[in-house]
Amino acid sequence: NQTKTLLKNRDANPMTAFQDTLRTTLSQNHIRTRPLTVETIEEMNLEKSYAFYKDRFADAGDFTFIFLGNIDLETIKPLVERYLGALPTVDREESWKDVGIDYPKGVIKKSVYKGIEPKSQTNIVFTGPFRYDSAHRTAIRAMGMVFQTRLREVLREELGGTYSVGVSPSYVKIPEAEYRISISFGSDPQRVEELIKAIFQEIEKLKTGISDDEVRDAREALYRSTETGFKQNRWLLTQLTFRYRQGSDPNELLLWEEPLKLLSPEVIQEAAQEYFNMENYVQISLFPEKDIK
């Protein structure tokens, strides 16, 4: 009932319609990615949900617990034995399952008309297969940094078309190694097409040349963020959890400096050429209802 109350007015928010369209388009309307609405709440069965919960927590045999912080091993050992050692197990073998949530192929463009405020939001998302190793993960992150800096200079400083523009690269290993690069910006509805055109022009420029200064700045930024992260338990917890979930060796985290040494203009340029596939992306823009159609 509390959730229903929270969801009653969700459809009145233009950003909700925008995000729902983006999510369902990227997942090709897969049932497991449906937005949570009052209607989907009505489909739920509390007894089945609770039974599912009990089944999942009936076997802690393959749980992984990660402890970080100023921990005395002799002090924590009896606590682990008492509280974790007493958790139930049923000796069953389990693994992940590919449920078939796949990115769409080709170029897909959609416009969402919602609300009356004279502002637009646009997301351009590139996806595709990914070579999942530390070198390529570092290269795509560095490329994202270089490209975001360029877009800020062009879209915000030169064109004055947006207050904020973001470039967010991500990747997964399971069920298939894939990457995703999301370019997002807010703007005046009348300038959406102009700014999209500028973004694609900058993509082509990125594919043809990267400066040594841009590589140095990206390397230094990655170095500083990682060096700072190692001092924070929350960052380390996120990194270790990610590696365990992806089936990667957590010890490779200690080799974090090695892929940074491999960064070069050629490496980042090759990343741009590979990941910005002009024949495979999703473009969604939000416009006010009473604006251009």
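Hi everyone, let me start right at a helix contact: His136, Ala139, Ile140, Ala142, Met143 and Val146 of helix H6 meet Val267, Ile268, Ala271, Ala272 and Tyr275 of helix H11. One caution before I go on: this is a predicted model. How do the two helices cross? The axes of H6 and H11 come within 9 Å, with a crossing angle of roughly 90°. That makes the two helices, H6 and H11, roughly perpendicular.

Let me step back to the whole chain. The protein chain has 11 helices and five strands. Its C-alpha trace spans about 65 × 55 × 30 Å along the principal axes. Of the 293 residues in the chain, 36% are buried. If you like contact maps, here is a number for you: among contacts between residues at least 6 apart in sequence, 81% join residues at least 24 apart.

Now to the sheet. Five strands form an open sheet in the order S1-S5-S2-S4-S3, and the pairing is mixed. Which strands stand at the edges? They are S1, residues 107-113, and S3, residues 165-172; each has a single partner strand, so one side of each is left without a neighbour in the sheet. On average, and ignoring direction, neighbouring strands of this sheet are turned by 15° against each other. As a reminder, strands of a sheet pair through backbone hydrogen bonds, either parallel or antiparallel. In this sheet, S2 (residues 120-129) and S4 (residues 178-187) take the antiparallel option, over 10 bridges.

One residue on that pairing is worth a stop. Thr127 is part of strand S2, and opposite Thr127 stands Arg180 in S4. Is Thr127 buried or exposed? Its relative accessibility is 6%, under the 20% cut-off, so Thr127 counts as buried. Leaving out residues up to four places away in sequence, Thr127 touches Tyr103, Pro104, Tyr179, Arg180 and Asn280.

Two helices deserve a mention with the sheet. Helix H6, residues 134-158, lies across S3 and S4 and runs at about 165° to S3. Helix H2, residues 14-26, packs on the sheet as well, where H2 touches S1, S2, S4 and strand S5 (281-287). The direction of H2 makes about 165° with that of S5.

On to the nonpolar cores. The largest one has 42 residues, and those with the most contacts inside it are Phe126, Met143, Phe147, Ile181, Ile183, Ile199 and Phe276. Which elements give two or more residues to this core? They are S2, H6, S3, S4, H7 (192-208), H8 (212-229), H11 (265-275) and S5. H6 gives the most, with nine residues.

Take Ile181 as an example from that core. Setting aside neighbours within four places in sequence, Ile181 is in contact with Ile124, Val125, Phe126, Ile140, Met143, Val167, Ser168, Pro169, Tyr275 and Phe276. Apart from the largest core lies another one, of nine residues, among them Ala17, Phe18, Val112 and Val125.

Last topic: charges. Side chains of opposite charge can pair when their charged atoms come close. How many salt bridges does the structure hold? There are 22.

Here are a few of them. In helix H2, the side chains of Arg23 and Asp20 meet in a salt bridge at 3.9 Å, N to O. Arg23 and Asp20 are three residues apart in H2, about one turn of the helix. Arg23 is partly exposed at 39% relative accessible area, whereas Asp20 is buried at 14%.

Asp11 and Arg10 also meet through their side chains, at 3.3 Å, N to O. Asp11 is partly exposed, with a relative accessible area of 46%, while Arg10 is buried, at 15%.

Lys119 forms a salt bridge with Glu117, and the closest N and O atoms are 3.9 Å apart. Lys119 is partly exposed at 49%. Why does Glu117 count as exposed? Because its relative accessible area is 51%, and exposed means over 50%.

And finally, a cluster: Asp55, Arg56, Asp59, Arg92 and Glu94 are linked in a network of salt bridges.

That's my tour. Thanks for listening!

Terms used: Residues are numbered from 1 along each chain as its sequence is written. This is a predicted model: local features need pLDDT of at least 70, side-chain atom pairs count only at pLDDT 80 or more; totals for chains, interfaces and linings use all residues. Side-chain values use heavy atoms; hydrogens and water are left out. Two strands pair if DSSP finds at least two bridges between them. Helices (H or I, at least four residues) and strands (E, at least two) are DSSP runs, numbered from the N terminus. Axes are lines fitted to C-alpha atoms, for helices over the stretch in contact, and angles run from 0 to 180 degrees between N-to-C directions. Contact means heavy atoms within 4.5 Å. A salt bridge is a side-chain nitrogen of Lys or Arg within 4 Å of a carboxyl oxygen of Asp or Glu. Buried means under 20% relative accessible area, exposed over 50%, partly exposed in between (1.4 Å probe, protein chains only). A nonpolar core is a set of buried Ala, Val, Leu, Ile, Met, Phe, Trp, Tyr and Cys residues joined through side-chain atoms within 4.5 Å. Angles under 35 degrees count as roughly parallel, over 145 as roughly antiparallel, 65 to 115 as roughly perpendicular and the rest as oblique.
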